[in-house]
Amino acid sequence: MKRSIVPKNNRTGAPLRGRPVSASRTEMMELVLPQDANLLGNILGGRVMHLINIAGAIAAHRHCHLQVVTASVDHLDFLNPVRLGELIVLEAQVNRAFHTSIEVGVEVFSEDFVSGKRKHTTTAFLTYVAIDEDGNPRPVPPVIPKTHEERRRYREAGERREARLEAHAKNRK
Ligand SMILES: CC(C)(COP(=O)(O)OP(=O)(O)OC[C@H]1O[C@@H](n2cnc3c(N)ncnc32)[C@H](O)[C@@H]1OP(=O)(O)O)[C@@H](O)C(=O)NCCC(=O)NCCS
């Protein structure tokens with residue numbers, strides 16, 4: 001079924017008002033404690049994925065003010081470890097909203113308490129879908145990118161969506 005390009009409120013039919021990226025930008029941080037670490041004293045990859053999912057969901061939720069579910073998480077590379085006793089810092093921002101789905105980018109850093117030095121650990125792209133009380137997808141407000149960087153992320157989110165949905169269609173067969 002071909003959908004309208006402008007997302008509309010389910011009940012009133014009025015077009016949904018766009019929201020700036022800044023309205024839902026989210027920073028989350030946590031101290032890495034022994035129960036989060038492996039035998040080398042680095043945070044477990046699974047724990048990082050869990051935190052990424054939460055930070056991304058908060059940003060998506062703040063953007064649309066609706067319940068959201070995770071539809072997909074793109075490929076992840078862990079470039080640098082986050083050590084026991086360091087802070088893990090997660091910065092999440094909505095890159096683009098489509099009709100019922102939202103792409104969120106989450107950047108993860110380690111932060112040394114003493115020096116304050118940050119190292120990039122990974123970047124993740126997640127897609128959340130807003131749902132109603134019956135679990136059916138619901139339209140979400142568009143994103144209004146304002147800065148050069150936000151416009152770049154917006155454009156690239158469109159390209160990633162194409163690739164993602166193509167892979168999704170193949171997996172479904
Ligand atoms: C995500 C979910 C709501 C999509 O339902 P669906 O019936 O496939 O819905 P549709 O085909 O109408 O797609 C709805 C939107 O989701 C997007 N979508 C669906 N699967 C996707 C995927 N794997 N990756 C990215 N986007 C996806 C579609 O592109 C569409 O976006 P748009 O409206 O912005 O164009 C449904 O599959 C679901 O509930 N999954 C389980 C979610 C969950 O529980 N996650 C937690 C971990 S299990």
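Reader: What share of the contacts in the protein chain with a separation of 6 or more comes from residues 24 or more positions apart?

Author: It's 74%. A contact here needs two C-beta atoms within 7 Å of each other. Keep in mind that this is a predicted model.

Reader: How many helices and strands does the protein chain have, and what pattern do they follow along the sequence?

Author: There are two helices and seven strands, and reading along the sequence you get β-β-α-β-β-β-β-β-α.

Reader: What makes the protein chain as compact as a globular protein of that length?

Author: Put two values side by side: the radius of gyration is 17 Å, and the globule rule gives 16 Å for 173 residues. The two are close, so the chain counts as being as compact as a globular protein of that length. If you'd like a box around it, the C-alpha atoms fill roughly 55 × 40 × 30 Å along the principal axes. Of the 173 residues, 31% count as buried.

Reader: In what order do the five strands of the open sheet stand?

Author: The order is β2-β4-β5-β6-β3, with antiparallel pairing. In general, strands of a sheet pair through backbone hydrogen bonds, either parallel or antiparallel.

Reader: Why do β2 and β3 count as standing at the edges?

Author: Each of them, β2 (26–31) as well as β3, has a single partner strand, so one side of each is left without a neighbour in the sheet. On average, neighbouring strands of this sheet are turned by 30° against each other, direction ignored.

Reader: How do you know that β2 and β4 pair?

Author: Pairing takes at least two bridges between the strands. β2 and β4 have six, in the antiparallel sense, so they pass that cut-off. To find the spot in your viewer, look for M28, which stands opposite L90 in β4.

Reader: And how many bridges join β4 to β5?

Author: Ten, again antiparallel. One of the partnerships is A97 with I102 in β5. β4 and β5 form a hairpin, with three residues between them.

Reader: What makes β4 largely enclosed by the rest of the structure?

Author: Burial takes 20 or more other C-beta atoms within 10 Å. Eight of the eleven residues of β4 are buried, so the strand is largely enclosed. As for the helices, α1 lies across β2, β3, β4 (87–97), β5 and β6, at about 40° to β4. α2 lies across β3, β4, β5 and β6, and runs at about 80° to β4.

Reader: Which strands does β6 pair with, and over how many bridges?

Author: β5 (residues 101–111) pairs with β6 over eleven antiparallel bridges. Along that pairing, E103 has T127 as its bridge partner, and V108 stands opposite T122. β3 (residues 67–73) pairs with β6 (residues 118–131) over six bridges, also in the antiparallel sense. There, V69 is partnered by V129.

Reader: Why is H61 called partly exposed, while H65 is called exposed?

Author: Exposed takes 12 or fewer neighbours, buried takes 20 or more, and partly exposed lies in between. H61 has 18 C-beta neighbours inside 10 Å, so partly exposed it is. H65 has 12, so it counts as exposed. H61 is found in helix α1 (residues 45–64), whereas H65 lies in the loop between α1 and β3. H61 and V129 are 68 residues apart in sequence, but 9.8 Å apart in space, C-alpha to C-alpha.

Reader: What is the phi of H65?

Author: It's near 55°, a positive value in a residue other than glycine. Most residues other than glycine have a negative phi. G116 takes a positive phi too, near 75°, in the hairpin of β5 and β6, with six residues between the strands.

Reader: Which of the 16 residues around the ligand come nearest?

Author: Those are S72, F98, H99, T100 and S101. The largest share of the shell, four residues, comes from β3. β3, β6 and α2 (148–172) each supply at least two.

Reader: How do the residues of the shell around the ligand divide into nonpolar, polar and charged?

Author: Seven are nonpolar, eight polar and one charged. Glycine is counted as polar in that tally.

Methods
Residues are numbered from 1 along each chain as its sequence is written. This is a predicted model: local features need pLDDT of at least 70, side-chain atom pairs count only at pLDDT 80 or more; totals for chains, interfaces and linings use all residues. The radius of gyration is taken over C-alpha atoms; the globule rule is 2.2 Å times the number of residues to the power 0.38. A residue is near a molecule or strand if its C-beta atom, placed from the backbone, lies within 6 Å of it. Axes are lines fitted to C-alpha atoms, for helices over the stretch in contact, and angles run from 0 to 180 degrees between N-to-C directions.
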